[in-house]
Amino acid sequence: MAYRATGSSATALTKRNAERMAANDTIPRDRDAYDQFTSVTMRFSDTDAMGHVNNVATAAYFESGRFGFFGHLFSDTHTPWNGMILASVSIDYLREILFPGTVEIGGRLAALGDRSMTTHYAIFKGGQCCAVSQAVTVFFDPVKRISAAPEPQVRASLEAYMAANPTAG
């Protein structure tokens with residue numbers, strides 16, 4: 001069956017699909033759930049022929065948000081860039097992001113494991129949550145090329161962050 005959406009029916013179809021397709025409802029969609037934000041100015045080259053920000057650009061926005069959040073998260077310690085690898089990332093697209101403008105990517109620490117951490121992100125434009133993402137980052141020993149527990153000062157920093165931030169976890 002083919003669908004042709006115009007006018008207000010396009011909006012209704014988009015809302016219905018967003019509600020049906022949102023795979024991970026554990027990732028907060030409320031701006032107040034995030035304690036750090038990274039602003040990204042959208043580029044014309046981020047768009048497709050319909051003026052939507054494309055999925056590759058959305059992933060890049062989340063990457064900018066992830067690095068902004070890590071800079072905030074590890075501000076009191078040495079950021080272990082060479083000792084962390086992205087093991088998993090998922091993105092749920094909730095509504096259109098239209099050019100031009102600026103988006104804000106909120107970040108939060110969701111969980112801390114023995115050798116990994118889970119972080120959540122959300123893209124906001126005009127006060128609306130447009131997409132959410134979950135990332136699992138594994139602490140990594142670059143010499144042995146295996147996962148490893150984070151350095152003691154990094155773990156202490158992350159545990160202190162979770163204890164001090166009501167949006168964490």
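Start with the whole chain in view: 40% of its 169 residues count as buried. The model is a predicted one. Colour the chain by secondary structure, and 3 helices and 6 strands appear. Followed along the sequence, these elements come in the pattern α-β-α-β-β-β-β-β-α. Now switch on the surface. The accessible area of the chain is about 9,500 Å², and carbon and sulfur atoms hold 54% of that. Contacts are the last overall item. Among those in the chain with a separation of 6 or more, 69% are between residues 24 or more positions apart.

**Stop 1: strand S1**

Select strand S1, residues 36-41. In a regular strand, side chains alternate between the two faces of the sheet. Which residues of S1 lie on the covered face, and which on the uncovered one? Gln-36, Thr-38 and Val-40 make up the covered face, while Phe-37, Ser-39 and Thr-41 make up the uncovered face.

Add strand S3, residues 102-112, to the selection. S1 and S3 run antiparallel and are joined by 6 bridges. To find the register, centre on Gln-36, which stands opposite Gly-107 in S3.

**Stop 2: the salt bridges**

Show the charged side chains next. Side chains of opposite charge can pair when their charged atoms come close. How many salt bridges does the structure hold? The count is 3.

Begin with Arg-31 and Glu-104, whose closest N and O atoms are 3.0 Å apart in a salt bridge. This pair links distant parts of the chain, with the two positions 73 residues apart. Arg-31 sits in the loop between helix H1 (7-21) and S1, whereas Glu-104 belongs to S3. Both ends are partly exposed: Arg-31 has a relative accessible area of 32%, and Glu-104 has one of 27%.

Move to Asp-46 and Arg-43, a salt bridge with its closest N and O atoms 2.9 Å apart. Are these two residues buried or exposed? Asp-46 is buried, at 3% relative accessibility, but Arg-43 is exposed, at 53%.

Finish with Glu-159 and Arg-155, where the N to O distance is 3.6 Å. Both residues lie in helix H3 (residues 152-164), and because they are 4 residues apart, about one helical turn separates them. Glu-159 is partly exposed, with a relative accessible area of 43%.

**Stop 3: the nonpolar cores**

Hide the charged side chains and select Tyr-61, Leu-73 and Met-117. Within the largest nonpolar core, which has 26 residues, these three touch the most other members. At least two residues of this core come from each of helix H2 (55-73), S3, strand S4 (116-125), strand S5 (128-141) and H3. Which element supplies the largest share of this core? H2 does, with 6 residues.

A second core, separate from that one, has 8 residues. To locate this second core, select Ala-33, Leu-94, Ala-122 and Val-132, which are among its members.

Return to Leu-73 and display its surroundings. Leaving aside residues up to four places away in sequence, Leu-73 touches Leu-109, Met-117, Ser-157, Leu-158 and Tyr-161.

**Stop 4: Ala-111**

Select Ala-111, which is found in strand S3. Ala-111 is partly exposed, at 33% relative accessibility. What does Ala-111 touch, once residues up to four places away in sequence are set aside? Its contacts are Met-117, Thr-118 and Met-162. Met-117 is also one of the three residues named for the largest core.

Then draw a distance from the C-alpha atom of Ala-111 to that of Val-136. The two atoms are 9.3 Å apart, and the residues are 25 positions apart along the chain.

**Stop 5: Cys-129 and Cys-130**

For the last stop, show the cysteine side chains. How many disulfides does the structure hold? There are 0. Cys-129 is in no disulfide, and the nearest cysteine sulfur to its own is that of Cys-130, 6.8 Å away. Why do the sulfurs of Cys-129 and Cys-130 form no bond? At 6.8 Å they are too far apart for one, since a disulfide needs the two sulfur atoms within 2.5 Å. Both residues are buried: Cys-129 has a relative accessible area of 7%, and Cys-130 has one of 2%.

Definitions and conventions:
Residues are numbered from 1 along each chain as its sequence is written. This is a predicted model: local features need pLDDT of at least 70, side-chain atom pairs count only at pLDDT 80 or more; totals for chains, interfaces and linings use all residues. Side-chain values use heavy atoms; hydrogens and water are left out. A salt bridge is a side-chain nitrogen of Lys or Arg within 4 Å of a carboxyl oxygen of Asp or Glu. Buried means under 20% relative accessible area, exposed over 50%, partly exposed in between (1.4 Å probe, protein chains only). A nonpolar core is a set of buried Ala, Val, Leu, Ile, Met, Phe, Trp, Tyr and Cys residues joined through side-chain atoms within 4.5 Å. Contact means heavy atoms within 4.5 Å. Two strands pair if DSSP finds at least two bridges between them. Accessible areas come from the Shrake-Rupley method with a 1.4 Å probe; for residues, only the protein chains shown count as cover.
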